[in-house]
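Here is a short briefing to read beside the structure. It moves from one residue to the ligand sites, then to the backbone and the whole chain.

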Amino acid sequence: MGRRLHVLTWGCQMNVYDSARMSDALAPAGFGPAATPEEADLVILNTCHIREKAAEKLFSELGRLHRLKLARAAGGAPLRIAVAGCVAQAEGAEILARAPYVDFVLGPQTYHRLPALLARAEAGEAGVIDLEFPAEAKFDRLPASRGPAGLTAFLTIQEGCDKFCAFCVVPYTRGAESSRPAAAVLAEARALLARGAREITLLGQNVNAYHGEAPGAGTWDLARLLAALAELEGLERLRYTTSHPRDMTDGLIEAHRDIPALMPFLHLPVQSGSDRVLAAMNRGHDGGFYRALVGKLRAARPDLALSTDFIVGHPGESEADFEASLALAREIGFALAFSFKYSPRPGTPAAGRAEQVGEAEKERRLAALQAELRASQAAFNAGCVGRTLPVLLTGPGRHPGQLAGRSPYLQPVHLAAPAELLGRVVAVRITAALPNSLSATLEPERLCA
Ligand code: 5AD
Ligand code: SF4
């Protein structure tokens, strides 16, 4: 008892969620949190493999931990090191070969087996490794989280992906698409709300492909699940991420019209504006489909803010293809966007293609696209100035006497407000737009909830 765990997390929100659940898994074994590796008995590196330099980052961190482990062994208090997440899934055996001081390696689907894996390592077994995709549902076998939840909580409802975009490693590291039963999701949401959460973001690599077992017979899709979640006592706000354009059903579009708790913000990766590149990416949609979808969404919810991901320099992307991405970005006017240079992921179809784009060209295209996307984000933020928006206050602001929160469109908002408003949704008047956040003043007579 009385041992301490430090989890270092890279990558997406799903990894953040997984890290919290790994801590839950080890709580019954007596593990509490350690703020740093130096204070820990067990360090877990929860890795991400989606883009560049994942392995280099991992091995440089492992080198540091190895030195710590050696220093600690001399003092008699062992430090154990585990590698989890998508790099573990993709390169588990190599990790153990290159860093034999790693005590155990586990993939994203076996976190519920953490206590057993640790016990094997502690019993002296070397090179413990579990990269299975077991049939049992890991989340439903993990102990419940304890302690207060954040005001904004994440809840993984779906994992894996069957889309096989040519550039993407996710279908290999996270496996086939699977959805948690609706009853399990509702139970976890109720528990989060009871522990203080006001906003819940549903997570999944392909979250809008959700098709979980219904509480009665049959299955629920995401629209049905959102409607049920919106009924829960204490829930102020719902969000979900990340969505594939092909899975934006009419029912889900209508949910954006009909469910007030569902925030008017949607992350909908497009990846490219060129039909040729979208086909090479095996995205299953073209630019016309995406534009029409955005039209339907905006008809259903006129103030919907859109966010997206772009990749530049996918194999075969010509200058004209790249310009089609720029044109699409300009046309849609994204409120937020993430853009990346294509990075070959070993084992994916695009990695083996002959027509790779040079590094300097990728850099140039990324800079040009990011300038466009920054301008569009700035325009969106500037358009909010003078508006009154409901803001969920989630923490201290930059300066004393300030609180910070999020607008419905996920913009960080800073304003002078008394600390007792923390956790409330308040009406604020937006007074200024900064590149990545908004300043506001409280509209005292118009508290929302
Ligand atoms: N290279 C660059 N970006 C990638 N992404 C996924 N795989 C790659 C890759 N091989 C980006 C996509 C995806 C986001 C999470 O990461 O834009 O939507
Ligand atoms: Fe990767 Fe494509 Fe699946 Fe998204 S939809 S996780 S980009 S394969």
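Gln158 touches ten residues listed here, leaving aside those up to four places away in sequence: Met14, Glu177, Ser178, Ser179, Leu203, Gly204, Gln205, Asn206, Val207 and Tyr210. The model is predicted. Gln158 sits in strand β8, residues 158-159.

**Gln158 and its surroundings**

- Is Gln158 buried or exposed? Gln158 is buried because its relative accessible area is 1%, and the cut-off for buried is under 20%.
- The side chain of Gln158 makes a polar contact with the backbone nitrogen of Gln205, at 3.1 Å.
- That side chain also reaches the backbone nitrogen of Asn206, at 3.0 Å.
- Gln205 and Asn206 are both among the residues that Gln158 touches.

**Ligand 1**

- Which residues surround ligand 1? They are Ile50, Arg51, Phe167, Gln271, Asp309, Ile311, Phe340, Lys341, Tyr342, Ser343 and Arg345.
- By class, this shell holds five nonpolar, two polar and four charged residues.
- An oxygen atom of ligand 1 lies 2.6 Å from a side-chain N or O atom of Arg51.
- An oxygen atom of ligand 1 lies 2.7 Å from a side-chain N or O atom of Gln271.
- Phe167 takes part through its backbone: a polar atom there is 3.0 Å from a nitrogen atom of ligand 1.
- Ligand 1 on its own exposes 410 Å², and the protein buries 89% of that.
- Two elements give two or more residues to the shell, namely β15 (305-312) and β16 (336-341).

**Ligand 2**

- Ligand 2 is surrounded by Cys161, Lys163, Phe164, Cys165, Phe167, Cys168, Val170, Pro171, His244 and Arg283.
- This shell divides into seven nonpolar, one polar and two charged residues.
- Phe167 appears around ligand 1 and also around ligand 2.

**Backbone points to check**

- Phe164, one of the residues around ligand 2, has a positive phi near 50° and is not a glycine.
- Phe164 lies in the loop between β8 and α5 (170-173). It counts as partly exposed because its relative accessibility is 36%, and partly exposed runs between the 20% and 50% cut-offs.
- Asn282 is another non-glycine residue with a positive phi, about 60°. Its place is in the loop between α9 (275-280) and α10 (287-300).
- At 41% relative accessibility, Asn282 counts as partly exposed.
- Where is the cis peptide bond that has omega of about 5°? It joins Thr241 and Thr242.
- Thr242 falls in the loop between β13 (237-241) and α8 (250-258).

**A helix residue**

- Ala327 belongs to helix α11, residues 319-332. Its relative accessible area is 34%, so Ala327 is partly exposed.
- Ala327 and Ala93 are 234 residues apart along the chain, and their C-alpha atoms are separated by 44 Å.

**The whole chain**

- The chain has twelve helices and 21 strands.
- The C-alpha trace spans about 60 × 60 × 50 Å along its principal axes.
- Why does the radius of gyration agree with a compact globule? A compact globule of 449 residues would have a value near 22 Å, and the chain has 23 Å.
- Of the 449 residues, 53% count as buried.
- Among contacts with a separation of 6 or more, 71% come from residues 24 or more positions apart.
- The chain exposes about 18400 Å², and carbon and sulfur atoms supply 56% of this area.

Definitions and conventions:
Residues are numbered from 1 along each chain as its sequence is written. Chains are lettered from A and ligands numbered from 1 in the order in which they are written. This is a predicted model: local features need pLDDT of at least 70, side-chain atom pairs count only at pLDDT 80 or more; totals for chains, interfaces and linings use all residues. Side-chain values use heavy atoms; hydrogens and water are left out. A residue is near a molecule or strand if one of its heavy atoms lies within 4 Å of it. A polar contact is a pair of N or O atoms within 3.5 Å; within protein, one must be able to donate a hydrogen and the other to accept it, and residues adjacent in sequence count only if both atoms are side-chain atoms. Accessible areas come from the Shrake-Rupley method with a 1.4 Å probe; for residues, only the protein chains shown count as cover. Helices (H or I, at least four residues) and strands (E, at least two) are DSSP runs, numbered from the N terminus. Ala, Val, Leu, Ile, Met, Phe, Trp, Tyr, Cys and Pro count as nonpolar, Asp, Glu, Lys and Arg as charged, and the others, Gly among them, as polar. The radius of gyration is taken over C-alpha atoms; the globule rule is 2.2 Å times the number of residues to the power 0.38. Buried means under 20% relative accessible area, exposed over 50%, partly exposed in between (1.4 Å probe, protein chains only). Contact means heavy atoms within 4.5 Å.
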